[in-house]
Amino acid sequence: MDVIISLLQQMSVYLVVAYLFSKTPILKSLFAVSMRLPPKATIYVVFSGFCILGTYFGLELLDAIVNTRAIGAVLGGLLGGPVVGLLVGFTGGLHRYTLGGFTDLACGLSTTAEGLLGGLACLYLRRRGRVNALFNPWTAFAVTLVAECVQMGIILLVAQPFDRALALVEVIAAPMILANSAGAALFMSMIRDQRDMFEKYSQLSSAKALRIAERAVGITLEGLTPTSAERIAHIVYEETGVGAVAMTDREKILAFVGIGADHHTPGAPLMSEHSKRAIETGEVVFADGIETKYACSLSPACKLGSSLVVPIRSDAEVIGTIKLYEPKKKFFLNINRTLGEGIASLLSNQILAGRFEQQKNLLVKSELKLIQAQINPHFLFNALNTVSAIIRTDPGEARELLLHLSNFFRKNLKRGSDLATLREELDHVNSYLRIQKARFADRLNIEIDIDPALLEMRLPTFTLQPLVENAIQHGISNVLEEGRITIRAHAEGGDVILLVEDNAGAYGEAEATPGGLGMGIVDKRIKNLYGETFGVKVECKSGEWTRVWIKLPCQELAAA
């Protein structure tokens, strides 16, 4: 009975130490049965320490030590695998061997065997995909029970004289087997509970972050403004449940929601030293109200008692902050600290994406303007000269040409959208070709073969016109015989193929002229929109033909 009471006392002290250990950050490294070295090294150090601690807590009896050393050895093996278990057991056994006694060698060997046994159990469960079973207290109980039985057998086999070993085992076997098995189960229960709690909070944090991300999508694409800041602040306030949420730029409060909204008014200049420090250094500033004092800079009667200030960045520049507050009577939860930092990262990425989108839109507009500017000024003069030449002989034809000229330039100057239908593109090109046909008279033949089902598909504006202009300016205008321009469109597999063909075959010469810039921009815009597998491809047989192929995705039909 004395042995049982002593072991229970040992186990109680041992478990108090284990409980205190379970509250430390080191425990997180035990949550995953990892094959990497750092977690294994941590497990080795921690459970070797518990092995040695179990020996020191032991009771000297019959020139031996009744102890709880097996708990550290078995759990080290269960969480670290065979190699770690063997090393933990060897370390604990070596320490026991140095203390002497007639069971020193037997205890050293048995502790090593216990660690290895725990490791083999880990390997067995892991190979069968039952990793979670390692954290089951009943698993720890069963493995430790078997390990302690093995220890008693080793003592009987190794310790001399046998009579003393047998007498010892008769006294300590039952108490040690039960105490160590129960202790291992309780220790594993602590680890499992902390693991479950950690996973619960991680899932809760992830769920909140996902909801915030989902609700905040697109709000900050126009930048950090009072309107976007107010909407974001309300979302964060609702999802986190903190006392208050504020958003600022570098100089003033943009939005404030929650406790203290009566004196933290949007538009007020930044007075908080914590906010200024976060903006200047780009670091997170946390004032818990205990170690780091917090005092409202606007009102001494403010009920807020702690704050977390997280800088919001755009590239490397800090453009503002998001601030989370808790009242004086409430602790600031770690989950909200993590969320606050994650939210700031989310906002930074969204603002950066907004700037990128704005720059992209500006680039598209610049490219459109460049294509518009590429239209040869001589086209206008040639068109007017053509109208002037036929106005006396055929006023009706001249009037129709002027209408086409007006339609061409009106569409050319007012088309600001990035996408247009193929029908709109053809209308623009037809006006251009109608004027050119009047200019070249019988020397220009035009063939258009478009699948009617494709007329409503969408494609980048100014896709066809630059290519048709290149065909005439750098091809047809340089040949003496009849010139032919062919425009075709058809579906091919999952794609749409457009073709602009001329019979001049002068692409090699046109490639070095400024007119080739329009074709390059068309190709670049298509690739930016749809990917590298789409775009412009040119084939040329010198003196005979030039074919410009445009490959577009067929799904753009659905967007029409």
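**View 1. Strand 12 is mostly covered in this predicted model.** Find residues 495-502, and you are looking at strand 12, where eight of the eight residues are buried. Now follow the side chains: Asp495, Ile497, Leu499 and Glu501 point one way, while Val496, Leu498, Val500 and Asp502 point the other way. Residues on both sides of the strand are buried.

**View 2. Strand 12 meets strand 11 in a hairpin.** Strand 11 covers residues 483-492, and its pairing with strand 12 is antiparallel, with eight bridges. Try spotting Ala491, which stands opposite Val496 of strand 12. Two residues lie between the two strands. Gly493 sits in this turn and has a positive phi of about 65°.

**View 3. Strand 12 also pairs with strand 14.** Look for residues 545-553 to find strand 14. Here, too, the strands run in the antiparallel sense, joined over eight bridges. One pair to look for is Asp502 and its bridge partner in strand 14, Thr546.

**View 4. Five residues make a nonpolar surface patch.** Phe90, Leu94, Tyr97, Leu105 and Leu109 together form this patch of about 480 Å². Two elements each give two or more residues to the patch: helix 4 (82-98) and helix 5 (104-127). Helix 4 provides the largest share, with three residues.

**View 5. Leu109 is a partly exposed member of the patch.** You can find Leu109 in helix 5. Is Leu109 buried, exposed or partly exposed? Its relative accessibility is 43%. Because this value lies between the 20% and 50% cut-offs, Leu109 counts as partly exposed.

How values were computed
Residues numbered from 1 in each chain as written. Predicted model: local features only at pLDDT ≥ 70, side-chain atom pairs only at ≥ 80, totals over all residues. Heavy atoms only, no water. Patch = residues over 30% accessible without salt bridge, like charges linked within 9 Å, V, L, I, M, F, W, Y side chains within 5 Å. Areas by Shrake-Rupley, 256 points an atom, 1.4 Å probe, with all protein chains shown as cover. Salt bridge = Lys/Arg side-chain N within 4 Å of Asp/Glu carboxyl O. Helix = DSSP H or I, 4+ residues; strand = E, 2+ residues; numbered from the N terminus. Buried < 20%, exposed > 50% of the residue type's maximum accessible area, 1.4 Å probe, protein only. Pairing = 2+ DSSP bridges.
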